[in-house]
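Please read the following alongside the sequence and the coordinates. The text takes aromatic rings, one helix, charged pairs and a loop glycine in turn.

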Amino acid sequence: MIDVVLNDLKLPLDEIVTVDVMFNNTISAYYPEVEEFRQRADEIIKQRYGFEIKHLRADLTYVDRFYQVRGERARKKNRGKIYGFPIVRGAWCNSDLKMSAIKKYKTQLGKSFWYIGYVIDEKKAERQEKIRNCTDLNMYPLVKAGLTERDCYDWCRKNDLLSPVYENFSRDGCWFCHYQTLNQLRDLRKKYPDKWETMLRLDKDSPKTFRPDGTTLHELNRRFRQEDKQMIIDDIMKEAGNE
């Protein structure tokens, strides 16, 4: 989008801002390889476009909100309980850990114009509606340039600005995100067992299940263990058949 704004559409750009989402005060919300990529991307953008990326951070971390006790304004059944895992619709993690930092910075700036990275083939209906009702399409530079999600993927890959997560998965996100696919959770458990154990501890404390259908992380953990055992059995049988 930066390239489209500056080189294709020749639109004004004064500052580039990103939000650093945090698990707690010291641990990032991003996979280690993504954290390395973000730092490298900052350098590429600085060298290529001359902008020093401004990093914002919300007042709350994931752990802060997870263990915050709900007050009198909460529904009666939730009063006195901690927030626990976010719900799928209207998840507090996006509003409290990311958007709150942006809104706070917008207030400090006063009058400002922000670009949003929607593309012409956005999957969510509410995003498509915003695009249709937009009175100044400069707000959505990628839409104005007629670019799809795949166009952006190909450009980022070609220009060494593609997050390493996309090599194996279709979506990026935090390592504790409740939107993750089963394959992403399997990958987390395998590659980062310390983070997986942290998630299991949260699972014990949360009044809400990790999945909206009532599935807990402990149940998923048992499933993954069974899959591991089956893989071992399959390997043994395969080796026996080759002898």
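A residue counts as buried under 20% relative accessible area, as exposed over 50%, and as partly exposed in between. The model is predicted, and the accessibility terms below follow these cut-offs.

Consider the salt bridge between Lys-104 and Asp-59, whose closest N and O atoms are 3.3 Å apart. Lys-104 lies in helix H4, whereas Asp-59 lies in the loop between E2 and H3, so this pair ties together parts that are 45 residues apart in sequence. Asp-59 has 62% relative accessibility and therefore counts as exposed. Lys-104, with a relative accessible area of 41%, is partly exposed.

The model has 14 salt bridges by the distance rule used here. Another of them joins Arg-79 to Glu-72, with 3.9 Å between the closest N and O atoms. That distance counts because the rule accepts a side-chain nitrogen of Lys or Arg within 4 Å of a carboxyl oxygen of Asp or Glu. Arg-79 is partly exposed at a relative accessible area of 39%, while Glu-72 is exposed at 63%.

A further salt bridge is formed by the side chains of Arg-189 and Asp-228, at 2.9 Å from N to O. Here Arg-189 belongs to helix H8 and Asp-228 to helix H10 (residues 217-242), so the pair ties together parts 39 residues apart in sequence. Asp-228 has 33% relative accessibility, which makes it partly exposed. Salt bridges also link Asp-20, Glu-35 and Arg-38 in a network.

Arg-38 has a second kind of partner as well: its charged end sits over the ring of Tyr-30, 4.2 Å from the ring centre. A similar arrangement involves a lysine, with the charged end of Lys-106 placed over the ring of Trp-114 at 5.1 Å from its centre.

The next topic is pairing between the rings themselves. A pair of aromatic rings is described by the distance of the centres and the angle of the planes. The count of aromatic pairs in this model comes to 16. One of them is Tyr-62 with Phe-66, where the centres are 6.1 Å apart and the planes lie at 35 degrees, a tilted pair. Why do Tyr-62 and Phe-66 lie about one helical turn apart? Both are in helix H3 (residues 62-66), and they are separated by about one turn because they are four residues apart. An α-helix has 3.6 residues a turn, so residues three or four places apart point the same way. Tyr-62 is buried, at a relative accessible area of 1%, and Phe-66 is buried at 0%.

Tyr-62 also pairs with Phe-176; the ring centres are 4.1 Å apart and the planes meet at 35 degrees, so this pair too is tilted. Phe-176 lies in the loop between helix H7 (149-158) and helix H8 (182-191), while Tyr-62 is in H3, so the pair ties together parts that are 114 residues apart in sequence. Phe-176 is buried, as is Tyr-62. Ring pairs extend these contacts into a cluster made up of Phe-23, Tyr-62, Phe-66, Tyr-67, Tyr-83, Phe-85, Trp-92, Trp-175, Phe-176 and Phe-210.

Trp-92, a member of that cluster, leads to helix H4, which covers residues 92-109. H4 has 18 residues and reaches 24 Å from its first C-alpha to its last, close to the 26 Å expected at 1.5 Å a residue. The helix bends by about 45 degrees at Met-99. Which residues of H4 are buried? They are Trp-92, Cys-93, Asp-96, Leu-97, Ala-101, Ile-102 and Tyr-105. The buried residues of H4 pack against strand E1 (17-19), strand E2 (54-56) and H3. After H4 comes Gly-110, which has a positive phi near 80 degrees.

Last comes another glycine, Gly-214, in the loop between helix H9 (193-205) and H10. Gly-214 has a relative accessible area of 35% and so is partly exposed. Leaving aside residues up to four places away in sequence, Gly-214 touches Thr-209 and Glu-219. Its C-alpha is separated by 45 Å from that of Lys-46, and Gly-214 and Lys-46 are 168 residues apart along the chain.

Key:
Residues numbered from 1 in each chain as written. Predicted model: local features only at pLDDT ≥ 70, side-chain atom pairs only at ≥ 80, totals over all residues. Heavy atoms only, no water. Phe/Tyr/Trp six-rings, centres within 6.5 Å; stacked < 30°, edge-to-face > 60°. Helix = DSSP H or I, 4+ residues; strand = E, 2+ residues; numbered from the N terminus. Buried < 20%, exposed > 50% of the residue type's maximum accessible area, 1.4 Å probe, protein only. Lys NZ or Arg CZ within 6 Å of the ring centre and 35° of its normal. Expected span 1.5 Å × (residues − 1). Bend = angle between axes of the 7 residues up to and from the residue. Contact = heavy atoms within 4.5 Å.
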